Every structure is written in C-alpha cells, then in structure tokens.
Amino acid sequence: MRFFNQKLLFLPGKFLENFPMLIVACLLIFMGLTGTWISFPLSGEMGLKELNASDIYSQTKWLLLALLGLYCVTTVAKYSLVRVLVSLGVLCFILYLALHYSFFSGENIAQYTQESKAFRDIQHVLALNETPNAGRSVETALAFDAFKFIDRVGVTLGVLGWGAKLALIGSFMLFLFAVVRSNKVIYSSLISATVFVLFFVGSGIGDVSLAYLKVNQGVRDFTQGTAAEAMTQLNEAALLDPVLNYSNGFPLLTSYAYFTTYGPEDRNAYAYRINQEFVAGEFSSVFALNSYIKSSSGKSATGAESNDLGLPQKLAIERIEKRLVSNAYNRVGLLYLWHQEWAQAEQHFLMASRLTNSLVAQIALLSIYNATKQYESCNILSDQILGTIHNHSMSADIWTTKGECLSASGYPSEARSAFQHSIKLDGDKNYRAVKGLSGT
C-alpha cells in the first residue's frame, strides 16, 4: 500500500498538491536562468546564456533538470539525506555561477562601479544644459573600496540581475525544504555545514577573506612605519585575490607603498601623486604629470624597469592613472561648459574621451555639438553612443538630441522618427522629445 501511495505521488497533479513549494522553487530557478543575470546601469542587461560563447545555459539547463528530477524522486521516496545532498548541489552550483560573474569578476565589478558613477555625472551634464529630462533614473554611484569587504559584497549584489537573484532564492527554498522536512535533522545539518565549509574553501571565498586580512595588515604596517612588510602583505593579497586590482583603493595603496619606499620618481608612485593633485583640485598639475609620464621611459628611480609588481598590478596602477586624468579633463570641461566656453570645453572632453572612452565626455560633446551647430558631428557621435548604451532613459535623451540635430540640419522626417523613437523608449516626462516632435 505504501509503495502504491508513493507511486501515485509521481502523477503531476498529485505531486503539485502535496509539494507546491517545490514546484514554485523549480520555476523560480528556471525563470532566473533565462532572465537577466548581469545588469549594468548604462550598458543594459545580459542573460545568462549570453555571457559565454559556449552557451552556458544549454549546459546548465540539462544538469539542473537532472538534479531537480532526482530531488523530486528522493522527495517521493522519502530519502531525506540524499535529498539534502541534491539540494546542496543545486544551491552550490547556482551560487558558483553567481559568484563567477559578480564576486570573482573584476571586469564586471569595475564596469558596474564606473557606469554607476558615470550615470550620476551624465545627469549632471544634462542639468548644466537645462535639459528637461535631467534627474530621471539617477543611479547611486558605488565605490569598490579595497579596505571594506562589505563594499565588495554590495557591488556584487548590484551587478547581479533579477534572474540570478530569482535562481538563488529558488535554490535556497529547495535547500530549506530538504532540511526542515528531513527526519534526520542533526545529520542533515552536519552534512550542510560540511558542504558549506568545503564550498567556502574550494570556491575561493576563503582566499578573498584572507586577502582582505592581508590588506588591512598592510595598512597597519604602514602606520607603524614598516613599509617593506606592508608591500609584502599587499603583494600576497593581490596574488590571493586579483579582483582587488579592479578596486579604487588597492592600486592607489600599492602606488603609495612605492612612493614611500622608493620615492616620488618611481614609475609606480605616479598614480599616488596624480591622485593627491586631483583631490586637491590641482588639475593643471594632473595634466603635467600625465604629460611627463608619456614622455618618460617608464623607468624606476634606480634607472631599471620596476619588476617588483606583477603585470595585473602594473595594469591596475596605469588604469587608475588614466581614469584620474580623464576625470580631471571632465572636471575642467564641466567648468567651461558651465560658462558656455564651447571650444575649451570641447577640447577637454575630447581628451577625456580619448583616454578612457568616457561616456560622460561623449554626452557632454553631444550637447556641445548641438549648441554650436556642429550637426554632422552630433549625428555621428549620437550613433556611436547609441551603439554602446542600452539604458532606456539615457538612450531616449540621446535620440532626442539626435532629433534636434537632424531637424536643425534640414532632415524633418528623420528628426520626427528620432523623436518618436525617444518617446517610445521613455515617455515619462519626455517633454523635450514631445516639443521636438510637435515642431517637425
């Protein structure tokens, strides 16, 4: 009779009636895998299947189907410990995917932090030009601080899209159900604790935690005046967690170590020097240092190539230098833009765009071209920006500017199409596009 009752549970309707939570959890997982996995403020959304050329979704789909099928079988057969193990497998697998594309991806973290700041700065550029759309959909800028582990976690949660979060919620529901409904709760808890410890060590989270301890120890060594020991700690931290090189603070801390140990003329010390001038608002000194770096041979103070740092750390320092110089050009350009000194503003924004392909600079250039009647340049640049930005609100503003340039240069039908496209993308308080459409 027991076998007969268990056999009945395999019927879809009967299984749904007895275990609705499992069905909901499985649906959440598959909805999550087909939804937005990674999300950025400016460049739009990516599904999980688009993140890898090998089409990771087609692989995960069948693996997860097998695991979830096994989970249902063990649920009906009341193999509670096996069910706990299977649920842990599903949870750890999805958690690994999420960590791989967020927590352990320096490129994704750097892109998210830079785009978040760019989003806010672009709104500032629009406000300077009294653009009616300015102020909508403002993203809070997030900084990835090398000294705070919680910042790493915060940015990771920001990078993850709704699909990843749904999949994690669904897999956690399966795990909770397996543990709570187990008739051997103590054994299930011990198994779960063991798996989580192994996952902590094997996935690399343990190395990341140790790296942060070494970073903070390095800072303490600096305050105690032992620079050599501090540099050793920082180099070991970079080996344990290469993602630190994509933070704002770690490359500058490393540069400060070289500044303290080898003097201000060491190649690796220039990032710290540029940052000090930038913070002080001495932008002309930032430009001068940047010109000196370009003209120098990149030697260290001893006259030889500085080989103490690995290539990722050197690239991180150079990336910080470029970003600081680009931001300095943007700051000066905004001052000129405020006073409507178009030629000087255009010159500085062009330099920023060439250095880091700054979206802030490109949006500002678009406004300058429109204001100074450089309509051909306006149309060309708007097409270039639209090819890289897929944020609806921002794209709507660019389509509106393009429409204004097309209308002023004698293309009313193309301008009307641009204004209509802008309204279609974002009709919320899109007064500028409505006004432009009524005038074409």
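Under the criterion of a side-chain nitrogen of Lys or Arg within 4 Å of a carboxyl oxygen of Asp or Glu, the count comes to 8 salt bridges. The structure is a predicted model, in which local features need pLDDT of at least 70 and side-chain atom pairs count only at pLDDT 80 or more, whereas totals for chains, interfaces and linings use all residues. Residues are numbered from 1 along each chain as its sequence is written, and side-chain values use heavy atoms, with hydrogens and water left out.

Side chains of opposite charge can pair when their charged atoms come close. One such pair is formed by Arg152 and Asp241, with the closest N and O atoms 2.7 Å apart. This pair links distant parts of the chain, since Arg152 belongs to helix α7 (residues 149-159) and Asp241 to the loop between α11 (227-240) and α12 (249-262), the two residues being 89 residues apart; helices (H or I, at least four residues) and strands (E, at least two) are taken as DSSP runs, numbered from the N terminus. Arg152 is buried, with a relative accessible area of 0%, and Asp241 is likewise buried, at 2%, where buried means under 20% relative accessible area, exposed over 50%, and partly exposed in between (1.4 Å probe, protein chains only).

A salt bridge also joins the side chains of Glu321 and Arg267, at 2.8 Å from N to O. Here too the pair connects distant parts of the chain, with Glu321 in helix α15 (residues 311-338) and Arg267 in the loop between α12 and α13 (270-279), 54 residues apart. Both Glu321 and Arg267 are buried. Elsewhere, salt bridges that share partners join Lys117, Arg120 and Asp121 into one network. Within this network, Asp121 forms a salt bridge with Arg120, for which the closest N and O atoms are 3.9 Å apart. Asp121 is partly exposed, with a relative accessible area of 22%, and Arg120 is also partly exposed, with a value of 42%.

The open and enclosed spaces were delineated on a 1 Å grid over the protein atoms alone, a cavity being a set of points where a 1.4 Å probe fits but cannot get out, a pocket being an open set with protein on both sides within 12 Å along at least five of seven lines, and lining residues having an atom within 4 Å of a point. Grid points are joined across faces, edges and corners, and a volume is the space filled by probe spheres set on the points. The largest pocket contains about 1,000 Å³ of space. Its lining comprises 38 residues, of which Thr113, Gln114, Lys117, Arg323 and Asn327 lie nearest the centre of the pocket. Two or more residues of this lining are given by each of α6, α13, α15 and α17 (359-371), and the largest share, 11 residues, comes from α6. By class, the lining of the largest pocket has 15 nonpolar, 14 polar and 9 charged residues, with Ala, Val, Leu, Ile, Met, Phe, Trp, Tyr, Cys and Pro counted as nonpolar, Asp, Glu, Lys and Arg as charged, and the others, Gly among them, as polar.

The structure holds 1 cavity of 30 Å³ or more, and about 30 Å³ of space lies in the largest cavity. The residues lining the largest cavity are Ala110, Gln114, Asn245, Tyr246, Ser247, Pro251, Ala316, Arg319, Ile320 and Arg323. At least two residues of this lining are supplied by each of α6 (106-128) and α15, with α15 giving the most, 4 residues. In terms of class, 5 nonpolar, 3 polar and 2 charged residues make up the lining of the largest cavity.

Individual residues were also examined. Thr36 lies in strand β1 (residues 36-40) and is buried, with a relative accessible area of 7%. The side chains of Thr36 and Trp162 are joined by a polar contact of 3.1 Å, a term reserved for a pair of N or O atoms within 3.5 Å, of which, within protein, one must be able to donate a hydrogen and the other to accept it, residues adjacent in sequence counting only if both atoms are side-chain atoms. Cys405, in helix α19 (residues 392-408), counts as buried at 0% relative accessibility. Leaving aside neighbours within four places in sequence, Cys405 is in contact (heavy atoms within 4.5 Å) with Asn370, Tyr375, Cys378 and Asn379.
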